[in-house]
Amino acid sequence: MTALSTKSEQKAAAVADPDDIPLYEARRQIYPQSVHGRFRTIKWIVLAVTLGIYYFLPFVRWDRGPDAPSQAVLFDFPSSRFYFFFLEIWPQEFYYVAGLLILAALILFLMNAVAGRVWCGYLCPQTVWTDLFMAVERLIEGDRRERMRADAAPWTIDKFAHKTLKHSIWLLIAWWTGGAWVLYFADAPTLVVQLATFQAPAVAYISIGILTFTTYSLAGHMREQVCTYMCPWPRIQAALTDEYALNVTYAYDRGEPRGSLKKAEAAREKGQPAGDCVDCGQCVAVCPTGVDIRLGMQLPCIQCGLCIDACNTVMDKVGRPRDLISYDSEANLEARLAHKSFTQRIIRPRTILYAVLICVAAGLMLTSLIGRSTEGVAAIHDRNPLFVRLSDGSIRNAYTVRLINKKLEERTFTLSAEGVPGATMEVIGDNADGLTIGPDQTREIRVLVTTRDKLASQASLPITFRIRDKASGLTAAVNDHFIGP
């Protein structure tokens, strides 16, 4: 390893030293410069797709039949349902939501093992909305230099007008962000009309107000502070990554010693070492968090790849090879310094483990969804009294039984009780051979189970309540206990 490489490593180590990173510091104004290239294009595509889905998905319709919500994605709190296209999740099936969260965490771990903070750089809501806010800022106030000059200049009518227009559009975007969120909890077209005519529930206006404030504050004013100090993921992912993960990396073995183009050419003519980095500072100018990637990996770096686009543009202009800054692994960098061959290892035990866990979790959820029943039954034994001795000496237990119909059509069930010898069952106010339940509804009934058989002292016999759909023959059952004296 050369002395120059060692010097760069020392700089990187100094930046990465946790003792040198404050727990918090006041925000300094950052003026990211616009950039064009492959990664910037990817970010624009991701921004358009993700925001398009977020803003317009509530208006997508899905026919579920009569008397059922027609919104494709809906959190129906009054009915305690979650609708997602052809899926309908009931409260007792909340484990599907837990499964989705586990699946999302595993996917995040896999993304980190493959390409570091790729989530932060492209898909994180903070990144997406900040990108949108910065695009509005550039459109109104100009690029980096224009904004820096305008902020340094005294206030004028023109400056005030530009600032007012920018913040007005920011607030409009933030307001629609909050408005789109509440549309997932009620029929979107209906709620839009109610909001416009000031007839919507108060909670809708309060929710929109809170989300408007947070979006405007986080994406418009706090920006990189959120990624550096508020978000826990940068610190968590540091414990999950390894030397084979791809991260935005400056090839200091090739770039150092850095210097202007003329100085580098003069040094090469004299046979002296000269790196490809022309010290133009473009990688820093385009960074949304103000990081100098040449100093090594740093906590504020969100791995968005914009510095790669900026550096490649400069390398093209000066006639040097591209990818002085690129997605690379620490292991590959060390191999180059040692003049050893190296092959990137995307597929390795860590990524295989995450991929297998993702497949297992997804497979279990899919199997459960395919085999999920459309009917259910639950029973609660009366607590006081646990049993009643009738005048003829028989023992009676009372239960509250809830029958569940998850189909969007009316169904008729029969109810039976099994497991208690010589027992008879009575449904109060109805017939056990014809219990009708409306579409997508539950029904609660009172059930009395009586036996004249002699029971052992303090007996507790297992009892099973079973329902059967008279049309399809599908059944569901629940177990409880029959208590004796």
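Reader: In the hairpin of β13 and β14, which residue takes a positive phi?
Author: The model is predicted: local features need pLDDT of at least 70, side-chain atom pairs count only at pLDDT 80 or more, and totals for chains, interfaces and linings use all residues. Residues are numbered from 1 along each chain as its sequence is written, and side-chain values use heavy atoms, with hydrogens and water left out. Strands (E, at least two residues) and helices (H or I, at least four) are DSSP runs numbered from the N terminus. Five residues lie between the two strands of this hairpin, and the one with a positive phi, near 80°, is glycine 473.

Reader: Which residue of β14 is the bridge partner of phenylalanine 465?
Author: Two strands pair if DSSP finds at least two bridges between them. Nine bridges join β13 to β14 (residues 475–483) in the antiparallel sense. Across this pairing, phenylalanine 465 has as its partner in β14 valine 478.

Reader: Over how many bridges do β9 and β13 pair?
Author: One of the bridges sets threonine 414 against arginine 468 in β13. Strand β9 covers residues 411–418, and its pairing with β13 is antiparallel. The number of bridges is six.

Reader: How many bridges join β8 to β12?
Author: β8 spans residues 395–405 and β12 spans residues 441–451, and the two run antiparallel. Arginine 396 stands opposite threonine 450 in β12. The number of bridges between β8 and β12 is 11.

Reader: In β12, which residue is the bridge partner of valine 427?
Author: Strand β10 (residues 423–427) also runs antiparallel to β12, and five bridges join them. The partner of valine 427 in β12 is valine 447.

Reader: Where does glutamine 458 lie, and is it buried or exposed?
Author: Glutamine 458 lies in the loop between β12 and β13 (460–469). Its phi is positive, near 55°, although the residue is not a glycine. Most residues other than glycine have a negative phi. Because the relative accessible area of glutamine 458 is 70%, and buried means under 20%, exposed over 50% and partly exposed in between (1.4 Å probe, protein chains only), glutamine 458 is exposed.

Reader: What is the phi of phenylalanine 198?
Author: Phenylalanine 198 is found in the loop between α8 (188–196) and α9. Its relative accessibility is 68%, so the residue counts as exposed. Although phenylalanine 198 is not a glycine, its phi is positive, at about 60°.

Reader: What is the omega of the cis peptide bond that joins glutamate 256 and proline 257?
Author: Proline 257 has its place in the loop between α12 and α13 (261–269). Most peptide bonds are trans. The bond from glutamate 256 to proline 257 is cis, and its omega is about -5°.

Reader: What is the omega of the peptide bond from asparagine 384 to proline 385?
Author: Proline 385 is placed in the loop between β6 (375–381) and β7 (388–389). The bond that leads to proline 385 from asparagine 384 is cis, with omega near 0°.

Reader: How far does helix α15 reach from its first C-alpha to its last?
Author: Helix α15 has 13 residues, numbered 306–318. The expected span of a helix is 1.5 Å times one less than its number of residues, and for α15 that is 18 Å. Close to this expectation, α15 reaches 19 Å.

Reader: Against which elements do the buried residues of α15 pack?
Author: The buried residues in α15 include Leu306, Ile308, Val314 and Met315. Contact means heavy atoms within 4.5 Å. The elements packed against are α2 (38–56), β4 (247–250), α12 (252–255), α14 (282–285) and β5 (325–328).

Reader: Is serine 326 buried or exposed?
Author: Serine 326 has its place in strand β5. Beyond its neighbours within four places in sequence, serine 326 is in contact with Asn247, Val248, Thr249 and Ile308. Because its relative accessible area is 15%, serine 326 is buried.

Reader: Which helix gives the most to the lining of the second largest pocket?
Author: A pocket is an open set of points on a 1 Å grid over the protein atoms alone, where a 1.4 Å probe fits and protein lies on both sides within 12 Å along at least five of seven lines; lining residues have an atom within 4 Å of a point. The second largest pocket has 23 lining residues, with Cys124, Pro125, Gln126, Trp129 and Leu218 nearest its centre. The helix that gives the most, with five residues, is α9.
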